[in-house]
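Student: I've got a structure to go through and I'd like to learn how to read it. Can we take it one question at a time?

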Amino acid sequence: MSRGRALKVVLVVVGLIFFGLVYPLTMFVRQEPALAMMLSVYVTLGIFLLLAARNPSANRSLIAFTE
């Protein structure tokens, strides 16, 4: 598998984890607004990682921020 293809796969997997697993957790933390806000940042980051998987070279700053 080439390096670019591996990067796309990792971006999709991490994006789905952030978007798919963190979002349901926000339903359980309604008592703590700060934690809910932090989890919503991760959901947003997951969405942008899924979008960045289309063209990783154009979104290098977002990928570097995620590391």
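Student: Which residues does P56 touch, not counting residues up to four places away in sequence?

Tutor: Before we start, keep in mind that this is a predicted model. P56 lies in the loop between helix 2 and helix 3 (60-66). Contact here means heavy atoms within 4.5 Å. Leaving out residues up to four places away in sequence, P56 touches L7, K8, L11 and I63.

Student: How far apart in space are P56 and K8, C-alpha to C-alpha?

Tutor: K8 is one of the residues that P56 touches. In sequence, P56 and K8 are 48 residues apart. In space, their C-alpha to C-alpha distance is 7.1 Å.

Student: Is P56 buried or exposed?

Tutor: Buried means under 20% relative accessible area. P56 has 10% relative accessibility, so P56 counts as buried.

Student: What pattern does the chain follow along the sequence?

Tutor: Start by counting the elements: the chain has three helices and zero strands. Reading along the sequence then gives the pattern α-α-α.

Student: How far apart are the end C-alpha atoms of helix 2, and why does that agree with its number of residues?

Tutor: Helix 2 covers residues 33-52, which is 20 residues. The expected span is 1.5 Å times one less than the number of residues, so helix 2 should span 28 Å. That agrees with the distance between its end C-alpha atoms, 29 Å.

Student: Which residues of helix 2 are buried?

Tutor: Let's try one as an example: L39 lies in helix 2. L39 has a relative accessible area of 12%, so it is buried. The full list of buried residues in helix 2 is L39, V43, L45, G46, L49 and A52.

Student: How far apart in space are L39 and L49, C-alpha to C-alpha?

Tutor: Both L39 and L49 are on the list of buried residues in helix 2. They sit 10 residues apart in sequence. C-alpha to C-alpha, L39 and L49 are 15 Å apart in space.

Student: Which residues form an aromatic pair, and is it stacked or tilted?

Tutor: A search of the whole structure finds one aromatic pair. Its centres are 5.4 Å apart, with 50° between the planes. Planes under 30 degrees apart would count as stacked and over 60 as edge-to-face, so the pair of F18 and Y42 is tilted.

Student: Which helices does that pair link?

Tutor: F18 and Y42 are 24 residues apart, so we're looking at distant parts of the chain. Y42 is partly exposed, with a relative accessible area of 34%. The pair links F18 in helix 1 with Y42 in helix 2.

Student: Which residues form a nonpolar patch on the surface?

Tutor: Take L21 first, which is in helix 1 (residues 3-25). Its relative accessibility is 57%, so L21 counts as exposed. Together the patch residues have about 510 Å² of accessible area, and they are M1, V9, V13, I17 and L21.

Student: And what share of the residues in the chain is buried?

Tutor: The accessible surface of the chain comes to about 5100 Å², and 67% of that belongs to carbon and sulfur atoms. The chain has 67 residues, and the buried ones make up 22%.

Technical notes
Residues are numbered from 1 along each chain as its sequence is written. This is a predicted model: local features need pLDDT of at least 70, side-chain atom pairs count only at pLDDT 80 or more; totals for chains, interfaces and linings use all residues. Side-chain values use heavy atoms; hydrogens and water are left out. Patches are made of residues with over 30% relative accessible area and no salt bridge: like charges are joined within 9 Å, nonpolar side chains (Val, Leu, Ile, Met, Phe, Trp, Tyr) within 5 Å. Accessible areas come from the Shrake-Rupley method with a 1.4 Å probe; for residues, only the protein chains shown count as cover. A salt bridge is a side-chain nitrogen of Lys or Arg within 4 Å of a carboxyl oxygen of Asp or Glu. Helices (H or I, at least four residues) and strands (E, at least two) are DSSP runs, numbered from the N terminus. Buried means under 20% relative accessible area, exposed over 50%, partly exposed in between (1.4 Å probe, protein chains only). Rings of Phe, Tyr and Trp (its six-membered ring) pair if their centres lie within 6.5 Å; planes under 30 degrees apart count as stacked, over 60 as edge-to-face and the rest as tilted.
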